[in-house]
Amino acid sequence: MSPTHPAPGTAEAAAEVARHVDGNAILGMLTDVFAVDASLIELTCRACGANGPLGATDVEDDRVAAIVRCRSCTHTLLTVSRAESGGVQLAIGAVALLVAPAPPSES
Amino acid sequence: MIVGGWLPARVADVLPSTEHARVLRLDVPDWPGNLPGQHLDIRLTAEDGYQAERSYSIASYGPGTVVELGVDTVPDGEVSPYLTEEVRPGDALEVKGPLGAYFVWDAADPAPVQLVAGGSGIVPLLAMARARAATPDAAPFRLLYSVRSAADAMYRDEVERLAGTGVEVTWAYTRTAPEGWRGTVGRLSAASLTASAWPADRTPVAFVCGPTGFVESAADLLVQAGYDPARVRTERFGGL
């Protein structure tokens, strides 16, 4: 890795251009929050009523936090970031309903 | 298959792919296997303790503890230049996964499959095509692979060989076409997409992966062509 990497949380890190990805990019972090795979969690937007799986949402990830936006109206649904404890913190935004998929059956 | 923690991994092989991409095979002793289309997170730790994490699509599928990644260099990226330029066999890193149930092909689904890859977006789609090739009775596949030029195509030789395995391949070139190319050169258009993709009345399922702009425009074109939006699954990994 580059020895000149910016430290997380610094102004230099915050100035990094946000990566415009999707909900699939934050599934690793969300394994610390949800017991099921988060990509199939259905989110309903409180602002516009659109619903769909978290994997299909728009995500802006700038290393400080990942902002999960409604793909239809761009309202912020969730903000996911690292807590000081080292765990994951999740701020709920314009989410009217969150439905987790049924856990996979052992077959 | 949900995995919470970080798993130790070691680089087993580093193979050349294109001028700016490599294929990495990681030996992950505790890997539980993965479905075609899933991804993992890689965590690198520098000598000073600084850590960086990124998600990478997996080109391999099924049981087994060797995980194959195709990694393209993201200019000014923090993790990919290390993985495409510096990493060597024997290097240690950590992975978390497999991740994702949304962007996964279900071999039991009889619907025809339309794959649309932009650049290194081929990686998870190749895992699906490999799984298809190993399942003779599965649904038919079509792959539209958009690259800047033939030299920019990751897994080019393997994709060429997919033709005999139940996967119809169509190439699209956005900058330079190889000599003798009869098609057009340029961004994906409604005409070029509908010329090669399954018609909507076959009720196909589509998987589209690549840079954000490419994926959004290709997914829009599929929906305009009559595809069910809920059956157009996308994975966007940044860029313009």
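**Exercise 1. In which order do the three strands of the open sheet in chain A stand?**

Before we solve it, a few ground rules. This is a predicted model, in which local features need pLDDT of at least 70 and side-chain atom pairs count only at pLDDT 80 or more, while totals for chains, interfaces and linings use all residues. Residues are numbered from 1 along each chain as its sequence is written, chains are lettered from A and ligands numbered from 1 in the order in which they are written, and side-chain values use heavy atoms, with hydrogens and water left out.

*Step 1.* Know the terms: helices (H or I, at least four residues) and strands (E, at least two) are DSSP runs, numbered from the N terminus. Two strands pair if DSSP finds at least two bridges between them.

*Step 2.* Read the order: S3-S2-S8 of chain A, with antiparallel pairing.

*Step 3.* Look at the edges. Strand S3 (51-53) and strand S8 (95-99) of chain A each have a single partner strand, so one side of each is left without a neighbour in the sheet. Neighbouring strands here are turned by 20° against each other on average, direction ignored; such axes are lines fitted to C-alpha atoms, for helices over the stretch in contact, and angles run from 0 to 180 degrees between N-to-C directions.

*Step 4.* Zoom in on one pair. Strand S2 (residues 42-45) of chain A meets S8(A) over four antiparallel bridges, and Thr44(A) stands opposite Leu97(A).

**Exercise 2. Find the strands at the edges of the six-stranded open sheet in chain B.**

*Step 1.* Write down the order, which is S4-S3-S6-S1-S2-S5, again antiparallel.

*Step 2.* Pick the ends: strand S4 (51-57) and strand S5 (66-72) of chain B have a single partner strand each, so one side of each is left without a neighbour in the sheet. The average turn between neighbouring strands is 35°, direction ignored.

*Step 3.* Follow S5(B) to its partner, strand S2 (residues 21-27) of chain B; the two pair over seven antiparallel bridges. Within that pair, Ala21(B) has Asp72(B) as its bridge partner.

**Exercise 3. Describe the surroundings of Asp37(A).**

*Step 1.* Place the residue: Asp37(A) lies in the loop between helix H2 (27-30) and S2 of chain A.

*Step 2.* Check burial and charge. Asp37(A) is buried yet has no salt bridge, and the nearest side chain of opposite charge, Arg233(B), is 9.0 Å away. Here buried means under 20% relative accessible area, exposed over 50%, and partly exposed in between (1.4 Å probe, protein chains only). A salt bridge is a side-chain nitrogen of Lys or Arg within 4 Å of a carboxyl oxygen of Asp or Glu. For charge, Lys and Arg count as positive and Asp and Glu as negative; His and the chain ends are not counted.

*Step 3.* List polar neighbours. The side chain of Asp37(A) makes a polar contact with that of Ser39(A) at 2.3 Å (a pair of N or O atoms within 3.5 Å; within protein, one must be able to donate a hydrogen and the other to accept it, and residues adjacent in sequence count only if both atoms are side-chain atoms). From chain B, the backbone nitrogen of Ala101(B) lies 3.2 Å from a polar atom of the Asp37(A) side chain.

**Exercise 4. Is Tyr155(B) buried or exposed?**

*Step 1.* Tyr155(B) sits in the loop between strand S8 (141-147) and helix H3 (156-161) of chain B.

*Step 2.* Its relative accessibility is 10%, so Tyr155(B) counts as buried.

*Step 3.* Note the backbone too: phi of Tyr155(B) is near 60°, a positive value in a residue other than glycine.
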